[in-house]
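Student: Could we go through this structure together? I'd like to see how each term is earned.

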Amino acid sequence: MCGIVGVVGSRNATDILIQGLQKLEYRGYDSSGIFVTDEEHNEHLIKAVGRISELQRKIGIDVNGTTGIGHTRWATHGKPTENNAHPHVSESGRFVLVHNGVIENFLEIKNEYLEGHHFLGQTDTEVAVHLIGKFVEEDGMTTKEAFCKALDIIVGSFAFVMIDKEEPDTLYVGKNKSPLLVALGNGYNMVCSDAMAMIRETHDFLEIHDGERVIVKADSVEILNEAGELVSREPFVAELDLSDIGKGTYPYYMMKEIDEQPAVMRRISSKYTDENGNVVVDSEIVQAVNDSDRVYIVACGTSYHAGWASKMFFEKMTEIPVEVHLASEFGYNIPLLSKKPLFIFLSQSGETADSRQVLVKVSKLGHKVLTITNVAGSTLSREADYTMLLHAGPEIAVASTKAYTAQIATMAVLAKTVGVFRKNTIAEEFDLTKELGLVANAMSAVVAEKEVIEAITAENLLTTRNAFYIGRGNDYYVSMEAALKMKEISYIQCEGFAAGELKHGTIALIEDGTPVLAMISQKEVAAHTRGNVMEVLSRGANTIVISSEECAEVGDDFVINTVHPFLTTLAMVVPAQLIAYYATLQRGLDVDKPRNLAKSVTVE
Ligand code: G6P
């Protein structure tokens, strides 16, 4: 979703902004823009629709300065046009602003304060910068007063960085709900919505809290709270490695991240193992789960599917019932809760607005919250009572792969430790370290046979408009994720179905040649799913069977090594990730940057 960068005090502001925006490309966007200026007021505002490369094409060598702001926009209010792209300017053009988030009361502000103002586009952001301009130019406030007053009036989520052209040595910064950090350089300072954007420049960052207003200059950072009092805060060191966020020799991040999964499984195992070889989790977290009478997993997209993939083993090992909910539904229709609920938020980014609104609500109700995320210090992590990290390394491709498997593995770590604490025999007998090792081997065996999967994909999915994944139990849960992968990058309309449910309606969609991919890794239900395969086959479907060794039959298209029944999703998902990858490549599409999607969805 939208990305923000800003810099003050550097002789090469344009370079820093462009490189920062490139690092944020992975989050998804449809237009971009920069504004740069310097002490001599050489001002340049450049915007472009499409990729950052389009913006770069428009930037001449004269476009440079000491101060600047930049933005990648993922359209919400108004189409992705140049007029709607950020930075936006005030009525007179004096104030220039970039914004992430959604201003809920922008129409009210427009009607109440901005009569007679002319707007170039349809965005809520333009209203914010006009409001600040009005306070200064019509009402005689100082820029700082106007900025703070506007922040008091604006309702919604925002991260703002603003330049007053008359003060080209200052960035005005503020946030509510949307992520924003100050990055500390030597003789210059920066602002960014994600540490990744500025990690090339520095590892030292300052958090900004909701409601704070920050004045950033080349050699100073002044943080004020809502009451206008100075706040002092120590910087933190972002533990991000530049090589972690590179593609290496891979053509696409998604393939790199699929390949990394065996290593991630082993890393999770070692991060949560003590020197005696015991699987361990912070005792407060174990206690909190143990004390609960029901676990509510709340998440979105792939993380939601990881929740489903974790439910069965979590219940078996802890004997605590688990419910899995979509965040966007849960928050506004909170079901009847148990007496002592514990909430687990699964979120790769730790920034998803849908999940955050639920977290805020259930925390207010006094319930304990655990966030399981890949990003230390993310909003969902900061606002939860407890955090467990995925240790998957940055995930850049929009289609989530290693974060999904890392979430399931981390949930298994938690289930195992809570189960052992409760003296549950199933948990005691489940050798997680060994089982994750077997999963890693099974994953490696799949990625070693990429070419086979590439061929299966070319043979069966090259021209189709739709497809189905079917399975039962864990294979159903992994089918949902497999179908999402396929949809989001290849644009093949694909649904994941409980195999037994197909005949209750959806089988009507099966035509000659419709691809149906069956996942079969659970012995008890294998025969039933095979029956469902026959049903669609006799109606003309083109069936592809992916099975585990113990369920395999002659003629199956791809067989994975057997892993523990709790963890089959971890291995079964890998061929599906590769099928989605190759289906996308074979259609000539960009695997890492699918249309309309964002990696980190910071609006509801
Ligand atoms: C976006 C991404 C998905 C992701 C979902 C939840 O829609 O495109 O890949 O699964 O958000 O994100 P989270 O960061 O909370 O796991």
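Tutor: Gladly! Helices (H or I, at least four residues) and strands (E, at least two) are DSSP runs, numbered from the N terminus. Proline 87 is in the loop between strand E4 (67–73) and strand E5 (88–89). This is a predicted model, where local features need pLDDT of at least 70, side-chain atom pairs count only at pLDDT 80 or more, and totals for chains, interfaces and linings use all residues. Residues are numbered from 1 along each chain as its sequence is written, and side-chain values use heavy atoms, with hydrogens and water left out.

Student: What is the peptide bond from histidine 86 to proline 87 called?

Tutor: That bond is cis, with omega near -5 degrees.

Student: Which residues surround the ligand?

Tutor: Among them are Cys300, Gly301, Thr302, Ser303, Gln348, Val398 and Lys599. A residue is near a molecule if one of its heavy atoms lies within 4 Å of it. Helix H9 (residues 301–318) gives the largest share of this shell, three residues.

Student: What makes the approach of serine 303 to the ligand a polar contact?

Tutor: A polar contact is a pair of N or O atoms within 3.5 Å. A polar side-chain atom of serine 303 lies 2.5 Å from an oxygen atom of the ligand, so the pair fits that definition. Glutamine 348 uses a polar backbone atom, 2.7 Å from a ligand oxygen. For valine 398, a backbone N or O atom lies 3.4 Å from an oxygen atom of the ligand.

Student: Why is the ligand said to lie between domain 2 and domain 3?

Tutor: Domain bounds come from an automatic or database domain assignment. Domain 2 (249–448) and domain 3 (449–604) both give residues to the shell, so the ligand lies between them.

Terms used
A polar contact is a pair of N or O atoms within 3.5 Å; within protein, one must be able to donate a hydrogen and the other to accept it, and residues adjacent in sequence count only if both atoms are side-chain atoms.
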